[in-house]
Amino acid sequence: TGSDIQRIQNAPAQQDYAALTKDGKMGFLQAFQTVAIRNAAYFYLSTATNLNAIVKEQPTVQLITQSQGESPSRLVGALFDRLEQNQEFREGIAQSIGMEINTPLPKICEELLKIAENTIAGNEICKKSRQEYEKAAQSALEHGMTYLVAAGNEGNFQQRLLQIGADPSPSSFRNIFVNEFATIIGSVDSQ
């Protein structure tokens, strides 16, 4: 029944690079890492809050679904069209991440994916936020609730990267919510 199912939906992720880099406040690399950290920590903590509220306030819920998430590919995907279409922008990004100005787009994308993945995995705020999220997911499971999480939702972007000759790591497309306490769902149909 409807009261046995609860959907979690957090506010959308923020990707305001222009505001962060305006007037030289910070360079692109710092802004990119800041957005990665902020988005991951925000999603971990807001989802933990939502899961804890459901466990406490709606103990009869049996199924919790969450189709949204965050991943390194989502962060890079937000920049991809501009990287692909604007040579000046692409050259500036290449330089800001320590690459040659004439680095091909596939290599820039691969490097941005690595930077995003390493930033999220290595940041203390993200690690602590993930611990809170995992505790909440574990609590839901221990209370008999099944928590469904989308595997990644970035298959179309992955195809675009492969079409341009990039060789991205599969982990770049994995939703940060994937963990041992959630049931991971996905699809391979691009329609």
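## Strands, a pocket and five residues

K127 counts as partly exposed, because its relative accessibility is 35% (buried means under 20% relative accessible area, exposed over 50% and partly exposed in between, with a 1.4 Å probe and protein chains only). This is a predicted model, in which local features need pLDDT of at least 70 and side-chain atom pairs count only at pLDDT 80 or more, while totals for chains, interfaces and linings use all residues. Residues are numbered from 1 along each chain as its sequence is written, and side-chain values use heavy atoms, with hydrogens and water left out.

**Around K127 and the pocket**

K127 belongs to helix 6 (helices are DSSP runs of H or I with at least four residues, strands are runs of E with at least two, and both are numbered from the N terminus). Not counting residues up to four places away in sequence, K127 touches A121 and G122 (contact means heavy atoms within 4.5 Å).

A121 turns up again at the second largest pocket, whose volume is about 270 Å³. Of the 13 residues lining this pocket, Y44, E117, I120, A121 and I176 are the closest to its centre. On a 1 Å grid over the protein atoms alone, a pocket is an open set of points with protein on both sides within 12 Å along at least five of seven lines, and lining residues have an atom within 4 Å of a point. Points are joined across faces, edges and corners, and the volume is the space filled by probe spheres set on them.

Helix 5 (105-122) and helix 6 (124-142) each supply at least two residues of that lining. What is the chemical make-up of the lining of the second largest pocket? Seven of its residues are nonpolar, two are polar and four are charged. Here Ala, Val, Leu, Ile, Met, Phe, Trp, Tyr, Cys and Pro count as nonpolar, Asp, Glu, Lys and Arg as charged, and the others, Gly among them, as polar.

**Four parallel strands**

Now let's walk through the strands. Strand 1 (residues 5-7) pairs with strand 2 in the parallel sense over three bridges (two strands pair if DSSP finds at least two bridges between them). In this pairing, I5 stands opposite L63 in strand 2. L63 also faces T146 of strand 3, and I64 stands opposite Y147 there. Strand 2 (residues 63-66) and strand 3 run parallel and are joined by four bridges. On to strand 4 (residues 183-185): three bridges tie it to strand 3, again in parallel, and L148 has T183 as its bridge partner.

Why is strand 3 largely enclosed by the rest of the structure? Four of the five residues of strand 3 (residues 146-150) are buried, so the strand is largely surrounded in this way. A point to keep in mind when viewing strands is that, in a regular strand, side chains alternate between the two faces of the sheet.

**Residues next to the strands**

A182 sits in the loop between helix 7 and strand 4. It counts as buried because its relative accessible area is 12%. Outside four places in sequence, A182 touches Y147, V149 and F177.

T47, in helix 2 (residues 28-57), is buried, with a relative accessible area of 0%. Leaving aside neighbours within four places in sequence, T47 is in contact with I8, N10, Q66, Y133, Y147 and F177. Its side chain also reaches the backbone oxygen of F43 at 2.8 Å. Such a polar contact is a pair of N or O atoms within 3.5 Å, where one must be able to donate a hydrogen and the other to accept it, and residues adjacent in sequence count only if both atoms are side-chain atoms.

**Buried P106, exposed N156**

P106 is part of helix 5 and counts as buried at 15% relative accessibility. Leaving aside neighbours within four places in sequence, P106 is in contact with I164, G165 and A166. N156, found in helix 7 (residues 155-163), counts as exposed, because its relative accessibility is 52%.

Here are some residue pairs, with their separations along the chain and between C-alpha atoms.

| Pair | Apart in sequence | C-alpha to C-alpha |
|---|---|---|
| A182 and L148 | 34 residues | 5.9 Å |
| K127 and A41 | 86 residues | 8.3 Å |
| P106 and Q163 | 57 residues | 9.5 Å |
| N156 and C109 | 47 residues | 15 Å |

Definitions and conventions:
On a 1 Å grid over the protein atoms alone, a cavity is a set of points where a 1.4 Å probe fits but cannot get out, and a pocket is an open set with protein on both sides within 12 Å along at least five of seven lines; lining residues have an atom within 4 Å of a point.
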